[in-house]
Structures are given as C-alpha cells and as structure tokens.
Amino acid sequence: MASEAGFICILTRDVLFSLAAAKALKTYPTMAIVLLRLPQAKGSAYAASFLSHWKTQKIIPVPGKLVEWPNFGPEQKEP
C-alpha cells in the first residue's frame, strides 16, 4: 500500500479507482485521495490546463478523505 511506503496522497483521474481507494481510507486514515477533474487532453494542453487551475486553486489533500480538484463551485461548470 502507498501509505506503507510513506506516501500521504494519491492523485488520480480514474473515477472508479478513486472510489475503490477511498474505501481503504478507513484502514489508512492518514492517506488522502485526490480525483483530478480536468478534461483529457494532449500533454502540453493538459499541463497548461493544470497550471491554469493550480494558479487559482491549490490541491489540498485531506487525510482520510476523497476530494475532487479543481473544486468547481455552483457558478462554475465542470468541463
């Protein structure tokens, strides 16, 4: 398990993996899962999108929780 190797957070784009991993958070409460909600794109376009969102909203992992990033509020629509 990643937590046994010293990791405190897993970032993933895979929704099903994030849900499965979140179930393990009861056993590993210091671990955090972050679901990246950026649209799929080629490398440079994805990196540009990531950087654009990163400038306005840092990734804040929460131990024992699954969080989505970026956090699209009610006034913003998910891409």
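Q: Which element gives the most to the nonpolar patch?

A: That's H1, with three residues. One thing up front: this is a predicted model.

Q: What makes Val15, Leu16, Leu19 and Leu66 a nonpolar patch on the surface?

A: To count, a residue needs over 30% relative accessible area and no salt bridge, and nonpolar side chains are joined within 5 Å. Val15, Leu16, Leu19 and Leu66 form such a patch, with about 350 Å² of accessible area together. Leu16, for one, is found in helix H1.

Q: Why is the pair Glu68 and Arg37 called a salt bridge?

A: The cut-off is a side-chain nitrogen of Lys or Arg within 4 Å of a carboxyl oxygen of Asp or Glu. Here the closest N and O atoms of Glu68 and Arg37 are 3.6 Å apart, so the pair qualifies under that 4 Å limit. Searching the whole structure turns up one salt bridge.

Q: What makes this salt bridge a tie between parts apart in sequence?

A: Glu68 sits in strand S3, while Arg37 belongs to the loop between S2 and helix H2 (43-56), so the pair ties together parts that are 31 residues apart in sequence.

Q: How do you know that S2 and S3 pair?

A: Pairing takes at least two bridges between the strands. Strand S2 (residues 32-36) and S3 have four bridges, in the parallel sense, so they count as paired. Across this pairing, Ile33 stands opposite Leu66 in S3.

Q: Why are S1 and S3 at the edges of the sheet?

A: The sheet is open, has three strands and runs in the order S1-S2-S3, with parallel pairing. Strands S1 (9-12) and S3 (66-69) each have a single partner strand, so one side of each is left without a neighbour in the sheet. On average, neighbouring strands are turned by 25° against each other, direction ignored.

Q: What does helix H1 touch when it packs on the sheet?

A: Helix H1 (residues 15-23) touches S1, S2 and S3, and its direction makes about 165° with that of S2. Touching here means heavy atoms within 4.5 Å.

Q: What makes the peptide bond from Trp69 to Pro70 cis?

A: Its omega is near -10°. Most peptide bonds are trans. Pro70 has its place in the segment after S3.

Q: What is the mean pLDDT of the chain, and where is the pLDDT below 50?

A: The chain's mean is 89, and 89% of its residues reach 70 or more. Over residues 75-79 the pLDDT is below 50, and beyond near neighbours in sequence this stretch has seven contacts in the model.

How values were computed: Residues numbered from 1 in each chain as written. Predicted model: local features only at pLDDT ≥ 70, side-chain atom pairs only at ≥ 80, totals over all residues. Heavy atoms only, no water. Helix = DSSP H or I, 4+ residues; strand = E, 2+ residues; numbered from the N terminus. Axes fitted to C-alpha atoms, helices over the stretch in contact; angles between N-to-C directions. pLDDT = per-residue confidence, 0-100. Patch = residues over 30% accessible without salt bridge, like charges linked within 9 Å, V, L, I, M, F, W, Y side chains within 5 Å. Areas by Shrake-Rupley, 256 points an atom, 1.4 Å probe, with all protein chains shown as cover.
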